[in-house]
Each structure stands twice: as structure tokens, then as C-alpha cells.
Amino acid sequence: MNASLTEAQSYSREARRAEELANRLESQASFFEGNSAAGSLNLSQAYREWGLVEIERNRDFYGNVRFDDLSFQLSPEGQALQGKFIESYAEQLHDGIEDRLVLTPGQPISRPSVTGPGSVRGRAQIGGGGSGTVPQLDPGTIHDEVLRAQDAGRQRIRGSRGRLDAVTKGAQGASAEAADDVKEW
């Protein structure tokens, strides 16, 4: 019974921690959505500069292509270039903020030292002389709480995706004309 109670409390704490983490990530996503225009421009410029250098360094792989050519960007080689950039950019971001993304540890969860049925029987109180009572928990309510938290998280994700799709609905790929439009803007 103690093990079940401890396990239920552990799941409940973990669900709360996951919800707190989701709230923090949602607030960060909202911040980045609000600043997405400047971030998108900086990222596009970074991709363009990186891509030009990468193509020049690896002419034997990319051949005689132009970075601004839309058909190249949509080709398997262009998609490989995009994937390589995303990987290197993510690695740079991770390296730059890794020390600031440490979750503070929560309170440790106490777990009874159970080595077998004998240790459980040894802790059991027999008779009416016990001073404390073990609260009865319905696993269904814990399950319902977890489902509610998951549903709320899914709704938040759908909302963020919807807002992001609305903001990026008219987005176009990198081109010389798009770069000129950005400069004029």
C-alpha cells in the first residue's frame, strides 16, 4: 500500500513538473512568436551567408549551383544543405545557452527501501494500535488529472501552432527578390 501511495504521489509530482515545464516553454514560445519577424530575418541572413560559404567549400558535391536558385533549394542537395544548416545552427544555439537551460531540481521523492515481501510485512501494523491512517486514493482520479493536463498541453500546442501558421502563412523561400523586399521594408 505504501509503495502504491508513494508511486501515485511520484506520478502526481511528475505531472505537475511537466506542466510547469510546459508553461515555461509556452511562455518562451510566445516571446519568440512576438519577436519572430526580426528573428526570421536574422535566421534567413545567417542561412544565406552560411549556405554561400558551404557551397563554395564543397563545389565537388554541389556542383555549379547558385544558392538563390529555388530549384536548387527544393532539390535533394538543397534540402541536404538546409538540414546541415539546421543541425549546425541548433548546435551553436545549444552551446550558447546550455548553461542557462538547467532545470532546478525538485524535492527528492522519498522511496521506501523494499527488498521483498518480507520487508513489506515487517513494516505492516497488525491490530488496532496504529496511530496513522493511510489515505485511500483512487487511481482513476490520478489518471483523470494526468489526462486533463495532457489535453490542456495539446490545446496549448494547437493554439501556438495556429498562431505560428497564421504569422507565417505568406512566408516565401529565400530569393534575391525577397531579400530586396526585406531591405526596402
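Biologist: What makes the reach of the Gln-73 side chain to the backbone oxygen of Phe-67 a polar contact?

Modeller: The distance is 2.9 Å in this predicted model. The cut-off for a pair of N or O atoms is within 3.5 Å. The value of 2.9 Å meets the cut-off, so the pair counts as a polar contact.

Biologist: Why is Gln-73 called buried?

Modeller: Gln-73 has 6% relative accessibility. Buried means under 20%, so Gln-73 qualifies. Gln-73 sits in helix H4.

Biologist: Which residues does Gln-73 touch, leaving out those up to four places away in sequence?

Modeller: Tyr-47, Phe-67, Gly-78, Gln-79 and Gln-82. Each has heavy atoms within 4.5 Å of Gln-73.

Biologist: Phe-67 is on that list. How do you know that the rings of Tyr-47 and Phe-67 form a pair, and what makes the pair stacked, edge-to-face or tilted?

Modeller: The ring centres are 5.1 Å apart. Pairing needs centres within 6.5 Å, so the rings pair. The planes stand at 55 degrees. Stacked is under 30 degrees and edge-to-face is over 60. The angle of 55 degrees fits neither, so this pair is tilted.

Biologist: What makes this a link between distant parts of the chain?

Modeller: Tyr-47 is in helix H2, while Phe-67 is in the loop between H3 and H4. The two are 20 residues apart. Both Tyr-47 and Phe-67 are buried.

Biologist: How many aromatic pairs does the structure hold, and which residues form one aromatic cluster?

Modeller: There are 6 aromatic pairs. Tyr-47, Trp-50, Phe-67, Phe-85 and Tyr-89 form one cluster.

Biologist: What makes up the largest nonpolar core?

Modeller: It has 8 residues: Tyr-47, Trp-50, Ile-55, Tyr-62, Phe-67, Phe-72, Leu-81 and Phe-85. H2 and H5 each give at least two of them. H2 gives the largest share, 3 residues.

Biologist: Which residues does Trp-50 touch, with those up to four places away in sequence left out?

Modeller: Leu-81, Lys-84, Phe-85 and Ser-88.

Biologist: Now the charges. Why is Arg-48 with Asp-68 called a salt bridge?

Modeller: Their closest N and O atoms are 2.7 Å apart. The rule asks for within 4 Å, so the pair passes. Arg-48 lies in helix H2, Asp-68 in the loop between helix H3 and helix H4, so the bridge ties parts 20 residues apart in sequence.

Biologist: Buried, partly exposed or exposed: what is Arg-48, and what is Asp-68?

Modeller: Arg-48 has 29% relative accessibility. That falls between 20% and 50%, so Arg-48 is partly exposed. Asp-68 has 18%. That is under 20%, so Asp-68 is buried.

Biologist: How do you know that Glu-54, Arg-57 and Lys-84 are linked in a network?

Modeller: Glu-54 takes part in two bridges. With Arg-57, the closest N and O atoms are 3.1 Å apart. With Lys-84, the closest atoms are 2.6 Å apart. The cut-off is within 4 Å, so both pairs count. Glu-54 lies in helix H2 and Lys-84 in helix H5, so that pair ties parts 30 residues apart in sequence. Arg-57 and Glu-54 both lie in helix H2, 3 residues apart, about one turn.

Biologist: Which of the three classes, buried, partly exposed or exposed, fits Glu-54, Arg-57 and Lys-84?

Modeller: Glu-54 is at 3%. That is under 20%, so Glu-54 is buried. Arg-57 is at 57%. That is over 50%, so Arg-57 is exposed. Lys-84 is at 41%, which lies in between, so Lys-84 is partly exposed.

Biologist: How many salt bridges are there?

Modeller: The count comes to 5.

Biologist: And the whole protein: how many helices and strands are there?

Modeller: There are 8 helices and 0 strands.

Biologist: What share of the residues counts as buried, and what area is exposed?

Modeller: Of 185 residues, 14% are buried. The exposed area is about 14400 Å², with carbon and sulfur atoms supplying 55%.

Biologist: Among contacts between residues at least 6 apart in sequence, what share joins residues at least 24 apart?

Modeller: The share is 65%.

Methods:
Residues are numbered from 1 along each chain as its sequence is written. This is a predicted model: local features need pLDDT of at least 70, side-chain atom pairs count only at pLDDT 80 or more; totals for chains, interfaces and linings use all residues. Side-chain values use heavy atoms; hydrogens and water are left out. A salt bridge is a side-chain nitrogen of Lys or Arg within 4 Å of a carboxyl oxygen of Asp or Glu. Helices (H or I, at least four residues) and strands (E, at least two) are DSSP runs, numbered from the N terminus. Buried means under 20% relative accessible area, exposed over 50%, partly exposed in between (1.4 Å probe, protein chains only). A polar contact is a pair of N or O atoms within 3.5 Å; within protein, one must be able to donate a hydrogen and the other to accept it, and residues adjacent in sequence count only if both atoms are side-chain atoms. Accessible areas come from the Shrake-Rupley method with a 1.4 Å probe; for residues, only the protein chains shown count as cover. A nonpolar core is a set of buried Ala, Val, Leu, Ile, Met, Phe, Trp, Tyr and Cys residues joined through side-chain atoms within 4.5 Å.
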